Amino acid sequence: MSNWHSTNNLQHGTQNNQTFETACLWPTLVDDIPNYPTLNQDLTVDVCVIGGGFTGLSTALHLAEYGQRVCILEAHTIGAGGSGRNVGLVNAGTWARLDDLNQYLGEQAGEKLTTALGLAPKLVFDVIDKYQIKAQDTRTGNLHMAHNKTGEQDVDIRYQQLSRRGANVEVLTGAKCHEYCGTTKINKALLDKRAGTVNPFAYVTGLGIAASNAGVKIFENSPVVQISREGSEWLVHSGQHTVKANKVVIATNAYTEGEWTNVHKSFYFVEYYQIATEPLSGAVADRILPYRNGSWDTRLALSSIRRDKDGRLLLGTVGSLTGKPKSFFLNWAKHVQKHYFPDLPEFEWQYEWCGKFGFTPDHIMRIFEPAPGIVAATGFNGRGITTGTLFGKAFAEYLQHDDQQVLPLPFKQVEECQLSFCKLRSWSTEAGLTLYHAGQFLKIIP
C-alpha cells in the first residue's frame, strides 16, 4: 500500500454494522506507486511545470519528446488532486452541446475545439499504448443515459449534432439499451464509441513514470509560493529553493493553492462524490454495464455509474461530503442503486471519496498567457482526462513552435474571465445540490 493515503483523513461510516473508508479507491488498485523527492536545490531548466496532474504531466512528457529540459513542481503527490480522484471517464467534447459551443465561441473556434476534443480519447489511448501505461482502461464507448422524456430529447439533439459532424455515435433504445445499461429504467442512451474508461490514478501515475523516464525531473511536496522575473527568465519559488526557467506552465486548476497567481479566479470549484461497493459477481451483477462502458444520466445533478477492474459498482454525483452526516450520501447511493438495479443481492460498500473540479458558467475551459513565457489552463468542468491530456500536448507544441494555431482554443485575458463571488458561487451550488439529493432519496424528485 502506498503512503498516498497518509495525505487523507481516513474516517469510517457504518451501514448495518459495516464499516467503509472515506478514502479514494483508485490508488488501492495500483501496484508500485513511485515517490519523488522534494525540491532540495536550485535548478535551471527550459520549462517549469506547476502541477502534477493530467495537464502538467502531459505537457512535460510532450516537451521532453522535443528534447526540452523540464521539471514539475507538485504541491502534494502525483495524483493526489482531482486527476487521481475522478470518475475515470475518457469522454469526448464538453458538457455544452456542439451548436451551443459555436454560439459561445463563434463557429470557427467552436468547430476547432469540437474537432480537437473529439480526437482526445484516441490521444489518451495512444499515449497509454505508446508508454505501456497500465491504466486499467476500457475502450468500448461510454453511455449518456436518458432518465426521462426530457433527457431523451436531449440525447436525440446531441446525437443529431454529433452525427452531423461524423462522430462515431449511436442511439440505443429498447432491448439493446437495456442490455448495455443493465437496467430497464433507461429506455434511450447515446453510445459514444470514441470514449472509454481508465483508473484515473493509474493513468496519472503512469504519465508520471513515462515523463520521468523521458528525463523530466519531478518534485513532490514542493508547493509554489511565488513567480518572479529575472531578466528574460522566470524564477519559480518553492520553499528555500528556486527553479529558473525560460517558460512556465501553470497546471493546477481546481487545486491551485496560495495567492501567487490569479488564474484561479476564472472558475469556481465544485466537488464530486463517489462511492464504491465490494467486488460484485453473479448473474445479476454481471448484467450491469456488461461491456464495461462508463455511463452517466441526464439528471440535473447527474448520477455516474461504472465498474472497476475487479467488478465493483461505482456511483457518483456532484456534491461534497463536508458538513453532511455519514448517512446522507449513503442514503443517496442506496436510492440510486435500488432505482436502477433493484435485483442486486445484498452487498457492502467499501470506499467513498470526493474530488474538486473547476467549473465555469458556460462549461468551457479557459487557457491564458498572463505574461510572455507563461501559459495556464483552468475550468475543465469535469472533463480532465481528455482535456488535460490534449491541452498538455498543445501547450508543449505551442512552447516549442510559438504558433497559436496549434492550440485548440484561443487565449483569453485573465481579467476578462474573472468571476465575482467565487466562494459564494461554490457555496450556493453545493446548497442546491444538497437539496436536490435530499429530494431524490426522500422520493420528492424521481
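**Exercise 1.** In this predicted model, determine how far strand β18 (residues 349-359) is enclosed by the rest of the structure.

Solution. Step 1: take the cut-off, under which a residue is buried if its relative accessible area is under 20%. Step 2: count the residues of β18 that qualify; 9 of the 11 are buried. Step 3: conclude that β18 is largely enclosed by the rest of the structure, because so many of its residues are buried.

**Exercise 2.** Find how strand β14 (residues 268-277) is joined to β18, and which residue of β18 stands opposite Glu271.

Solution. Step 1: count the bridges between β14 and β18; there are 10. Step 2: note the direction of the two strands, which run antiparallel. Step 3: look across from Glu271 to β18, where Lys356 stands opposite.

**Exercise 3.** Place Arg425 in the structure and decide whether it is buried, partly exposed or exposed.

Solution. Step 1: locate Arg425 in helix α12 (residues 422-441). Step 2: compare its relative accessibility of 28% with the limits of 20% and 50%; Arg425 is therefore partly exposed. Step 3: list its contacts beyond four places in sequence, which are Tyr268, Pro361, Leu419 and Ser420. Step 4: set sequence against space for Arg425 and Val270, which are 155 residues apart in sequence and 9.2 Å apart from C-alpha to C-alpha.

**Exercise 4.** Describe the surroundings of Lys324.

Solution. Step 1: find Lys324 in the loop between β17 (313-318) and α9 (327-340). Step 2: read its relative accessible area, 16%, so Lys324 is buried. Step 3: identify a polar atom of its side chain 2.5 Å from the backbone oxygen of Ser320. Step 4: add the contacts beyond four places in sequence, namely Phe329, Glu430 and Thr434.

Conventions. Residues numbered from 1 in each chain as written. Predicted model: local features only at pLDDT ≥ 70, side-chain atom pairs only at ≥ 80, totals over all residues. Heavy atoms only, no water. Buried < 20%, exposed > 50% of the residue type's maximum accessible area, 1.4 Å probe, protein only. Helix = DSSP H or I, 4+ residues; strand = E, 2+ residues; numbered from the N terminus. Pairing = 2+ DSSP bridges. Contact = heavy atoms within 4.5 Å. Polar contact = N/O pair within 3.5 Å; in protein donor to acceptor, adjacent residues only side chain to side chain.
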